[in-house]
Amino acid sequence: MTEIITYRLSGTGRWGYEFYDAGRNRIGSVSAVFAASSPVLIEGGEICWYSQFGIDSMIVPGTSRQIKDNRTGLEVYRIVFWQPGKYEVRTAEASVHAEIRNGIYLFGKPLMPVTAMTERIAEAEWIPPKNMDVEPYFRTTFFEIVNEGYLMMALSFPALRFY
């Protein structure tokens with residue numbers, strides 16, 4: 001089992017999340033500037049992704065958001081909205097269901113044990129030093145060993161999901 005703490009960062013004209021493991025090692029981040037067409041950037045380890053989504057887009061069942069590799073421009077995965085609180089994360093090879101229940105994000109296959117769970121927190125033992133406002137925001141627990149792509153997908157999901 002692995003736990004990762006997400007810290008929400010905010011500053012003039014930008015927002016983001018940074019992810020840290022129990023050893024206080026930075027794993028990656030999600031960030032964007034406040035603008036209608038600004039891409040969301042996801043980075044960590046070998047990952048450098050981005051996602052753009054029109055703020056004026058109508059969100060109906062089946063609406064999807066692409067997450068692309070920043071180096072190649074190719075789609076890495078997409079988030080599909082099915083109904084409030086129910087999503088699918090789809091790659092060319094597989095899909096994972098993401099569900100939000102009582103403010104908790106659950107990731108996995110239907111009728112199978114949950115692979116990862118993200119819950120809102122208000123406190124943490126440590127706060128990373130930054131030049132902007134920082135607050136502990138999520139704790140994500142991975143119940144299985146997952147690859148770097150799955151890890152970053154689950155950690156960045158709250159920043160990319162449809163509201």
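Which side chain meets Arg26 in a salt bridge? That would be Glu18, with N and O lying 3.4 Å apart. Keep in mind throughout that this is a predicted model.

## The overall fold

Let's start with the big picture. The structure has 12 strands that close into a barrel, and the pairing is antiparallel. Going round, the order is β1-β2-β3-β4-β5-β6-β7-β8-β9-β10-β11-β12. On average, neighbouring strands of this sheet are turned by 20° against each other, direction ignored.

## Where β1 meets β12

Take a look at the pairing of β1, which covers residues 2-11, with β12, which covers residues 133-142. These two strands are antiparallel and share nine bridges. One pair to look for is Glu3 and its bridge partner in β12, Thr141.

Glu3 also makes a salt bridge, this time with Arg139, and the closest N and O atoms there are 3.7 Å apart. Since Glu3 sits in strand β1 and Arg139 in strand β12, the pair ties together parts that are 136 residues apart in sequence. How much of each residue is accessible? Glu3 has a relative accessible area of 39%, so it counts as partly exposed. Arg139 is partly exposed too, at 25% relative accessibility.

## β2, β3 and β4

Next, follow the chain into β2 (residues 14-21) and β3 (residues 26-33), an antiparallel pair joined by seven bridges. Across from Tyr20 you'll find Arg26 in β3. The hairpin of β2 and β3 has four residues between the strands, and in this hairpin Arg24 takes a positive phi near 65°.

On to β4, residues 40-44: this strand runs antiparallel to β3, and three bridges join the two. Here Ser29 has Glu43 in β4 as its bridge partner.

## A salt-bridge network

Now back to the pair from the opening question. Arg26 and Glu18 meet in a salt bridge, and both belong to a network of salt bridges that also links Glu43 and Lys130. So Arg26 turns up both opposite Tyr20 and in this network, while Glu43 is the bridge partner of Ser29 as well as a network member.

Are the two residues of the opening pair buried or partly exposed? Arg26 has a relative accessible area of 40%, which makes it partly exposed. Glu18, on the other hand, has just 8%; that is under the 20% cut-off, so Glu18 is buried.

## Another salt bridge to find

The structure holds 10 salt bridges, and one more worth finding is the one between Arg78 and Glu75, at 2.7 Å from N to O. Arg78 is partly exposed, with a relative accessible area of 22%. Its partner Glu75 is partly exposed as well, at 35%.

## A nonpolar patch on the surface

Charged pairs aren't the whole story. Which residues form a nonpolar patch on the surface? They are Met1, Val114 and Phe143, and together they have about 320 Å² of accessible area.

To find Val114, go to the loop between β10 (104-108) and β11 (116-120). With 32% relative accessibility, Val114 counts as partly exposed. Patch residues need over 30% relative accessible area, and Val114, at 32%, is one of the three in this patch.

Technical notes
Residues are numbered from 1 along each chain as its sequence is written. This is a predicted model: local features need pLDDT of at least 70, side-chain atom pairs count only at pLDDT 80 or more; totals for chains, interfaces and linings use all residues. Side-chain values use heavy atoms; hydrogens and water are left out. Patches are made of residues with over 30% relative accessible area and no salt bridge: like charges are joined within 9 Å, nonpolar side chains (Val, Leu, Ile, Met, Phe, Trp, Tyr) within 5 Å. Accessible areas come from the Shrake-Rupley method with a 1.4 Å probe; for residues, only the protein chains shown count as cover. A salt bridge is a side-chain nitrogen of Lys or Arg within 4 Å of a carboxyl oxygen of Asp or Glu. Buried means under 20% relative accessible area, exposed over 50%, partly exposed in between (1.4 Å probe, protein chains only). Two strands pair if DSSP finds at least two bridges between them. Axes are lines fitted to C-alpha atoms, for helices over the stretch in contact, and angles run from 0 to 180 degrees between N-to-C directions.
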